[in-house]
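Me: I would like to learn how to read this model one feature at a time. Where should we start?

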Amino acid sequence: MSSIPKRFVPQDKIHCGERLTLEEGVRLYESGGVHALGELATLVRNRRHGNRVYYNVNRHINYTNYCVLRCKFCSFYRPYPTSSEISTCSPGSPPAVTDSDHRSGYELTMDQIVESAQQAYQAGATEVHIVGGLHPKLPFDYYLDVCRGIRSACPTLHIKAFTAVEIIHFSRISKPRRTIRQVLEELRAAGLDSLPGGGAEIFDDRVHDEAYGNKVGEQGWFEVHRTAHEMGIFSNATMLYGHIETPEERIRHLVKLREHQDESLASRRAHFQCFVPLPFVPQDSALSHLKGPTGLEDLKTVAISRLMLDNFEHIKVFWPMLSPKLAQVALNWGADDFDGTVVWYDITRREGKGTTHQELTVDQIKRLITEAGFHPVERDSLYQPVVGRCAI
Ligand code: V47
């Protein structure tokens with residue numbers, strides 16, 4: 001096996017399954033040995049998963065891009081129209097405003113969301129992943145109705161919905177004002193099953209203040225996930241990397257997630273199921289002058305995540321952001337989960353101003369996984385194998 005010089009990381013620790021320190025994580029980034037990192041991360045992933053790579057049949061639904069925040073890394077949000085702009089919309093239709101690059105603001109009605117979930121369900125999806133901007137006008141009841149509507153139309157479809165940032169927004173807009181626990185309780189009663197991992201970005205005050213200053217910070221993000229885990233609601237965790245953060249800030253982020261996971265595993269009813277490293281896509285954002293991470297930086301980040309997060313069962317690669325081809329390669333850099341069929345994805349579009357239709361069929365996913373040398377396993381949202389599926 002090619003090796004990383006001893007001064008960068010004690011390989012013996014990885015072979016023995018010992019936890020790496022913050023300093024060792026930072027040195028892994030400095031090592032430059034991308035192939036050796038891949039081999040070490042593969043050793044760790046194979047110990048847990050053998051030659052299995054998981055995927056799911058899912059559909060993403062982004063219900064609105066109107067958002068009260070103005071995060072610099074985000075190209076998805078649109079400002080809510082002013083009252084004079086709204087008056088030009090046809091009665092009964094959601095306000096739509098087209099900006100200078102001709103991407104419209106939109107909000108989906110409850111019926112549109114339920115219809116999309118139903119189509120997915122009928123096509124064999126086991127999960128919907130629902131997130132959106134922080135809409136200034138929609139009431140908390142809208143989100144409850146979305147969950148109730150899907151649950152009644154699709155009784156066994158897993159509803160993975162709302163980032164920690166949205167949950168805090170719901171708590172603030174609810175009347176009378178609900179606590180985070182109350183928001184989660186009501187959403188769960190309406191049908192919510194688990195939380196996605198978005199909105200974490202980088203847990204660091206400097207990066208937060210510079211790139212997403214008005215957004216909920218790490219304290220709020222962890223409070224939501226802690227409460228969810230106490231209540232028995234599973235969730236995921238992400239890191240948005242490759243913008244203004246340093247390698248050390250990335251490793252600190254991973255260590256904070258690892259510490260939270262230790263606590264959840266020891267004393268709470270649920271925990272993080274997977275970690276998803278999200279490569280920054282600069283196009284059309286206020287940080288579009290940045291170049292974003294290269295492919296090698298992506299592979300290193302996947303591998304280092306696998307090596308640092310010794311208490312996370314799964315490392316997921318999200319192919320709409322990485323590209324399907326690099327996501328495939330990343331399976332040999334420590335990833336064991338390919339996410340899913342996705343179908344529609346509005347938050348980033350890798351191919352410039354391309355379409356929001358971003359879909360891989362099950363056959364395409366299986367081919368990518370098999371060709372990388374692994375055995376594809378369809379999973380449900382709680383990582384149980386889906387058995388008895390007819391070909392879709
Ligand atoms: O919260 C926004 C990030 C997240 C950009 O939990 C960007 O299974 C890159 O969280 N470039 C949404 N990233 C996606 C997300 C996710 C995706 C797949 C699976 C799971 C899961 C979660 O995307 C946002 C934000 O952190 N993001 N803009 C951008 N320009």
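Me: Which residues does F162 touch, not counting residues up to four places away in sequence?

Reply: This is a predicted model, and contacts in it are read from heavy atoms within 4.5 Å. F162 touches Y63, I130, V131, Y143, C147, I167, F170, L187, L192, L195 and P196, once residues up to four places away in sequence are set aside. F162 itself sits in the loop between β4 and α7. Its C-alpha atom is separated by 7.5 Å from that of G132, and the two residues are 30 residues apart along the chain.

Me: Is F162 buried or exposed?

Reply: Buried means under 20% relative accessible area. F162 has a relative accessible area of 1%, so it is buried.

Me: The loop starts from β4. In which sheet is β4, and in what order do the strands stand?

Reply: Strands of a sheet pair through backbone hydrogen bonds, either parallel or antiparallel. Here β2-β3-β4 is the order of an open sheet of 3 strands, and the pairing is parallel. β2 (58-62) and β4 (158-161) are the edge strands; each has a single partner strand, so one side of each is left without a neighbour in the sheet. On average, neighbouring strands of this sheet are turned by 20 degrees against each other, direction ignored.

Me: How many bridges join the strands of this sheet?

Reply: β2 and strand β3 (residues 127-131) run parallel and are joined by 5 bridges. One bridge pair to look up is N62 with V131 in β3. Between β3 and β4, also parallel, there are 4 bridges. There, V128 has I159 in β4 as its bridge partner.

Me: Which way do the side chains of β4 point?

Reply: In a regular strand the side chains alternate between the two faces of the sheet. In β4, H158 and K160 point one way, while I159 and A161 point the other way. All of these are buried.

Me: On the other side of the loop is α7. How many of its residues are buried?

Reply: Helix α7 (residues 164-173) is mostly covered, with 8 of its 10 residues buried. They are A164, V165, E166, I167, I168, H169, F170 and S171. As a general point, an α-helix has 3.6 residues a turn, so residues three or four places apart point the same way. The buried residues of α7 pack against β3, α6 (140-153), α8 (180-190) and α10 (218-231).

Me: What is the strand order in the sheet that holds β1?

Reply: The order is β8-β1-β11, an open sheet formed by 3 strands with parallel pairing. At its edges stand β8 (337-340) and β11 (375-378), each with a single partner strand, so one side of each is left without a neighbour in the sheet. Neighbouring strands here are turned by 25 degrees against each other on average, direction ignored. Strand β1 (residues 52-56) runs parallel to β8 and is joined to it by 2 bridges. Y54 has D337 in β8 as its bridge partner. Helix α15 (residues 362-371) lies across β1, β8 and β11, and runs at about 160 degrees to β1.

Me: How many residues surround the ligand, and which are the closest?

Reply: The ligand is surrounded by 23 residues, and the closest are G197, G199, E201, V281 and K316. For polar pairs, look at N and O atoms. A backbone N or O atom of G197 lies 2.8 Å from an oxygen atom of the ligand, and a backbone N or O atom of G199 likewise lies 2.8 Å from a ligand oxygen atom. For F73, a backbone N or O atom is 2.9 Å from a nitrogen atom of the ligand. The ligand taken alone exposes 610 Å², and the protein buries 96% of that.

Me: What polar contacts do the side chains of S235 and S264 make?

Reply: S235, in strand β5 (residues 235-241), has a side-chain polar contact with the side chain of H225 (2.8 Å). Its relative accessibility is 1%, so S235 counts as buried. S264 belongs to helix α11 (residues 247-267), and its side chain makes a polar contact with that of R268 (2.9 Å). S264 has 0% relative accessibility and therefore counts as buried.

Me: Which residues touch S264, not counting residues up to four places away in sequence?

Reply: S264 touches H229, A270 and H271 on that count. From R226 it is 38 residues apart in sequence and 7.4 Å apart in space, C-alpha to C-alpha. For S235, leaving aside neighbours within four places in sequence, the contacts are L195, H225, H229, H271, F272, Q273 and C274.

Note on methods. Residues numbered from 1 in each chain as written. Predicted model: local features only at pLDDT ≥ 70, side-chain atom pairs only at ≥ 80, totals over all residues. Heavy atoms only, no water. Pairing = 2+ DSSP bridges. Axes fitted to C-alpha atoms, helices over the stretch in contact; angles between N-to-C directions. Near = heavy atom within 4 Å. Polar contact = N/O pair within 3.5 Å; in protein donor to acceptor, adjacent residues only side chain to side chain. Areas by Shrake-Rupley, 256 points an atom, 1.4 Å probe, with all protein chains shown as cover. Buried < 20%, exposed > 50% of the residue type's maximum accessible area, 1.4 Å probe, protein only.
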